[in-house]
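Me: I'm new to reading protein models and would like a close look at one part of this one. Could you walk me through a single residue and then show me the chain around it?

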Amino acid sequence: MVRSHKVPLKEADFSEIEKIYAEMEAEGARTLQKSGEAEDIRFDRSVDARFVGQGSETTIPIPERRFTDVKREEVRKRFDEIYKRLYGRTYPDSPVEFINFKIRASLPERLLQLPRMKSDRTSLREAVKGQRPAFSGLVRDFIPYTVYDRYKLFPGAKFQGPAIIEERESTVIVGEDAAVSVDEYGFLWIELGN
């Protein structure tokens with residue numbers, strides 16, 4: 001979230017800025033609470049600042065929990081360090097102004113947990129839909145390909161190309177020099193021949 005509030009660093013009321021951050025954090029928390037999983041919301045604060053009259057801003061991280069805990073001199077020091085790292089020099093006598101105040105509200109990262117497929121099938125016969133001619137890059141002609149129903153493939157299924165594996169969203173073409181296996185999550189693994 002971003003709130004624009006242009007004010008010179010020397011004149012800035014840090015209590016007023018803290019209110020801006022608090023309002024954004026409350027709004028961010030409300031948004032994430034709608035997901036139903038807002039137990040550990042993390043807020044990262046930053047401010048966009050620039051030399052007065054300059055056209056582009058430099059983003060300064062604000063790790064302090066409250067903006068009123070930040071010292072004016074520390075903000076200027078961070079600005080100068082970042083500016084010098086970006087542009088090779090800074091201008092310590094030029095005044096700095098705040099332009100935007102930002103927060104990033106986030107939930108803890110969670111690893112994706114995929115369900116394992118369950119199936120009592122052991123025969124590919126149910127998955128075979130038939131055959132159809134398709135072009136072979138090796139033979140440079142049309143040859144018969146076995147057509148499989150992707151939704152009827154099961155964990156542990158293995159077969160040799162040439163094959164066409166159909167599903168609603170896509171079709172996988174497997175050349176005659178490749179082998180297919182289906183893993184426990186339903187992913188297709190295609191091993192290409194030499």
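Reply: Happy to help; here is one residue, Arg78, followed by the chain that holds it.

Residues are numbered from 1 along each chain as its sequence is written. This is a predicted model, in which local features need pLDDT of at least 70, side-chain atom pairs count only at pLDDT 80 or more, and totals for chains, interfaces and linings use all residues, while side-chain values use heavy atoms and leave out hydrogens and water.

Arg78 sits in helix H2, residues 72-87. Helices (H or I, at least four residues) and strands (E, at least two) are DSSP runs, numbered from the N terminus. Because its relative accessibility is 13%, Arg78 counts as buried; buried means under 20% relative accessible area, exposed over 50%, and partly exposed in between, with a 1.4 Å probe and protein chains only. Leaving aside residues up to four places away in sequence, Arg78 touches Ile60, Pro61, Ile62, Pro63 and Glu64; contact means heavy atoms within 4.5 Å.

Now step back to the chain. Its secondary structure comes to two helices and 11 strands, running β-α-β-β-α-β-β-β-β-β-β-β-β from the N terminus on. Of its 194 residues, 35% count as buried. Among contacts between residues at least 6 apart in sequence, 53% join residues at least 24 apart. Along its principal axes, the C-alpha trace spans about 80 × 40 × 25 Å. The radius of gyration of the chain is 30 Å, whereas a compact globule of 194 residues would have one near 16 Å; this radius is taken over C-alpha atoms, and the globule rule is 2.2 Å times the number of residues to the power 0.38.
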